[in-house]
Structure formats: structure tokens, C-alpha cells
Amino acid sequence: MCGRYSFAALAEEVENRFHIKIDGSTWKVRYNCAPTQELAVITNEEPGKISYLRWGLIPSWAKDAAIGNKLINARSESAAEKPAFKNSISSRRCLVLSNGFYEWKKVGKIKIPMFITLKEHPLFAMAGIWDRWSAPGDINIETFSILTMKPNEIMSTIHNRMPVILSPSIERKWLETSDPEMQKKLCISPNSSAMQMHQVSTLVNSPATDHPDLIRPVGGEQASLF
DNA sequence: CCAGACGTTGTT
DNA sequence: GTCTGG
DNA sequence: CCAGACGTTGTT
DNA sequence: GTCTGG
């Protein structure tokens with residue numbers, strides 16, 4: 001699964017990497033992107049810029065926004081058939097921008113946060129879908145969900161799902177294709193050999209923290225010295 | 001027909 | 001235990 | 001994902 | 001909105 005990630009980069013790097021224009025005055029580096037927050041994505045509707053959408057998809061027909069708390073992920077294998085996701089995947093897709101994501105590895109009763117990155121790509125995009133919900137009072141809320149898939153070998157050592165990470169060459173296609181078969185073909189896992197992970201501090205557990213230290217490697221043994 | 005759900009993950 | 005909020 | 005709350009009435 | 005269950 002993917003329930004927390006980082007998007008730490010310079011605005012200029014993001015502009016060059018994703019071929020977009022950024023208003024630098026609003027740029028924020030983020031190390032602890034969490035559900036319900038407004039986070040940076042590129043939508044099919046406005047692919048030339050960053051849009052800030054709330055993480056946790058609220059379907060357009062929802063009566064209660066609370067459903068969004070549960071819909072932070074969508075299974076890539078079945079999203080096209082699910083009432084909550086089918087409209088979104090067919091007409092509203094997005095790129096969820098990241099430099100790495102967190103997964104908690106269970107060891108007995110304790111959970112150890114790990115940070116996963118791509119060796120060759122300091123920045124990448126996860127496959128996302130989004131929707132627009134009219135809140136009472138004529139306010140539109142735009143929300144998104146991150147697609148998941150079966151883990152590759154390295155990810156299976158800590159979890160039984162992983163986010164869909166798009167290779168740079170198919171990012172544009174993900175935004176453009178409404179064909180379900182094509183979409184499934186785009187959801188390919190990067191090779192284990194292209195990924196790396198390391199243990200990080202449990203400071204990341206609290207969504208209120210946001211600091212470069214969150215993605216810094218820590219040693220399991222070292223931590224216990226203090 | 002109407003009512004009610006609509007989801008994922010992980011754990012058992 | 002389960003839901004909400006970040 | 002994890003952390004933190006989980007309730008009501010009436011009064012300030 | 002659309003599907004499932006009764």
C-alpha cells in the first residue's frame with residue numbers, strides 16, 4: 001500500500017523533470033505527505049501545471065465527504081469496475097509526484113518505517129485518479145487516490161502491495177489514455193534492481209512532522225544506544 | 001421495484 | 001474496536 | 001499510513 | 001451516478 005510519501009525537490013528540478021511551469025513563490029518542499037492533505041499532482045485536465053488536490057478520493061456522488069478517508073488507494077487490477085473509481089479512471093487521471101514513499105514493515109508487534117526510492121530517478125510519478133465533489137455551499141473539492149499493484153520482489157519483503165510507479169516514458173500516456181486495457185498495460189512494476197530502501201526514524205509516524213530527517217537512514221542498532 | 005452500498009489493507 | 005483527522 | 005479520539009448539557 | 005441485494 002501507499003499511505004505516506006515524500007515530495008522533496010527544488011521547483012526547478014520539478015519543472016525540468018515533468019515539463020511544467022511552477023509558480024516558485026508557492027513552492028513547498030514536503031517530506032511527510034499524508035492523507036487529507038492538499039498535495040501536488042499533475043492532472044489530465046491541466047497537464048502543464050501543478051494542481052493541489054486532497055489525498056483521499058471523494059466520488060462525485062458521495063453524500064458524505066468522510067468516504068474520502070478510506071479511498072486513499074485504488075487497486076489497479078479492479079478500479080475500472082468499481083463504482084467509486086470507474087468514472088475517475090476513465091476520465092480523470094493524474095500523476096502523483098514524489099521522490100520516495102514510506103512503508104511500515106511489521107516485525108513481530110512493532111512497525112518499522114522504511115523509505116523507498118528509485119536508484120536512477122530522484123523524482124518519479126505514481127499513477128493516480130481524481131474526482132471533483134460539490135460540497136454543501138457550492139464549493140468544489142478535488143481529491144485523488146493512488147493506484148496500487150502486486151509488489152515486486154524487493155517490496156514483497158516488507159508488504160503485500162505497492163504503489164504503481166510509472167516510468168517517465170509513459171507518464172504522458174497515463175494522462176491521455178481512457179482505454180482500460182491500455183491503462184492496465186501501463187501499470188508495470190519497476191524492477192527490484194531499480195529500487196532501494198532504508199530504515200528511517202519513527203518521527204515519520206506523526207503526520208504533523210515534516211523535516212529532512214524523516215527520509216534519512218537510521219540503523220536499528222544505533223537507535224537503541226540512545 | 002426500492003434501499004443501501006460504493007474501499008483498501010492487513011489480520012485472523 | 002473503530003472512526004476521524006492529518 | 002499513523003495518531004488520537006471516542007460525550008452531553010449547560011455555562012462562560 | 002450505478003450496481004447489488006432483497
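Me: How do the residues of the surface near DNA strand D divide by class?
Reply: In this predicted model, the surface near DNA strand D divides into 4 nonpolar, 3 polar and 2 charged residues.

Me: And which residues surround strand D?
Reply: DNA strand D is surrounded by Met1, Gly3, Arg4, Pro35, Ile72, Trp104, Lys111, Asn205 and Ser206.

Me: What do the atoms of strand D within 4 Å of the protein belong to, sugar or phosphate, or bases?
Reply: Of those atoms of DNA strand D, 72% belong to sugar or phosphate, and the rest belong to bases.

Me: Where does the side chain of Lys111 come in, and how many Å is it from a strand D oxygen?
Reply: One of the polar side-chain atoms of Lys111 lies 3.0 Å from a phosphate oxygen of DNA strand D. For Arg4, a polar side-chain atom is placed 2.9 Å from a sugar or linking oxygen of that strand.

Me: What about Asn205, side chain or backbone?
Reply: For Asn205 the atom is a backbone N or O, and it lies 3.3 Å from a sugar or linking oxygen of DNA strand D.

Me: OK, strand C then. Which residues surround it?
Reply: DNA strand C is surrounded by Arg4, Pro35, Thr36, Asn69 and Pro207. Of the atoms of DNA strand C that come within 4 Å of the protein, sugar and phosphate account for 21%. By class, the surface near this strand has 2 nonpolar, 2 polar and 1 charged residues.

Me: Which atom of strand C does the Thr36 side chain approach?
Reply: A polar side-chain atom of Thr36 lies 2.5 Å from a base nitrogen of DNA strand C. Pro35 also comes up here, with a polar backbone atom 3.1 Å from a base nitrogen of DNA strand C.

Me: And what does Arg4 do on the strand C side?
Reply: An N or O atom in the side chain of Arg4 is 3.5 Å from a base nitrogen of DNA strand C, while on the other strand a polar side-chain atom of Arg4 lies 2.9 Å from a sugar or linking oxygen of DNA strand D.

Me: Changing topic: how much space is in the largest pocket?
Reply: The largest pocket holds about 260 Å³ of space. It is lined by 15 residues, and those closest to its centre are Phe18, His19, Leu95, Arg172 and Leu175.

Me: Which elements give two or more residues to that lining?
Reply: Those elements are helix 1 (11–18) and helix 4 (171–176), with helix 4 giving the largest share, 4 residues. By class, the lining of the largest pocket divides into 7 nonpolar, 4 polar and 4 charged residues.

Me: How many cavities of 30 Å³ or more are there?
Reply: The count comes to 2 cavities of 30 Å³ or more. About 50 Å³ of space lies in the largest cavity, and the second largest has a volume of about 30 Å³.

Me: What lines the largest cavity?
Reply: Its lining consists of Ser76, Ala80, Ile89, Leu147, Trp174, Pro180, Gln183, Lys184 and Cys187. Helix 5 (residues 180–186) supplies the largest share of that lining, 3 residues, and by class the lining of the largest cavity has 6 nonpolar, 2 polar and 1 charged residues.

Me: And which helix gives the largest share of the lining in the second largest cavity?
Reply: That share, 3 residues, comes from helix 2 (residues 86–91). The residues lining the second largest cavity include Pro59, Trp61, Phe85, Lys86 and Asp131, and by class its lining has 5 nonpolar, 3 polar and 2 charged residues.

Conventions:
Residues are numbered from 1 along each chain as its sequence is written. Chains are lettered from A and ligands numbered from 1 in the order in which they are written. This is a predicted model: local features need pLDDT of at least 70, side-chain atom pairs count only at pLDDT 80 or more; totals for chains, interfaces and linings use all residues. Side-chain values use heavy atoms; hydrogens and water are left out. A residue is near a molecule or strand if one of its heavy atoms lies within 4 Å of it. A polar contact is a pair of N or O atoms within 3.5 Å; within protein, one must be able to donate a hydrogen and the other to accept it, and residues adjacent in sequence count only if both atoms are side-chain atoms. Ala, Val, Leu, Ile, Met, Phe, Trp, Tyr, Cys and Pro count as nonpolar, Asp, Glu, Lys and Arg as charged, and the others, Gly among them, as polar. On a 1 Å grid over the protein atoms alone, a cavity is a set of points where a 1.4 Å probe fits but cannot get out, and a pocket is an open set with protein on both sides within 12 Å along at least five of seven lines; lining residues have an atom within 4 Å of a point. Grid points are joined across faces, edges and corners, and a volume is the space filled by probe spheres set on the points.
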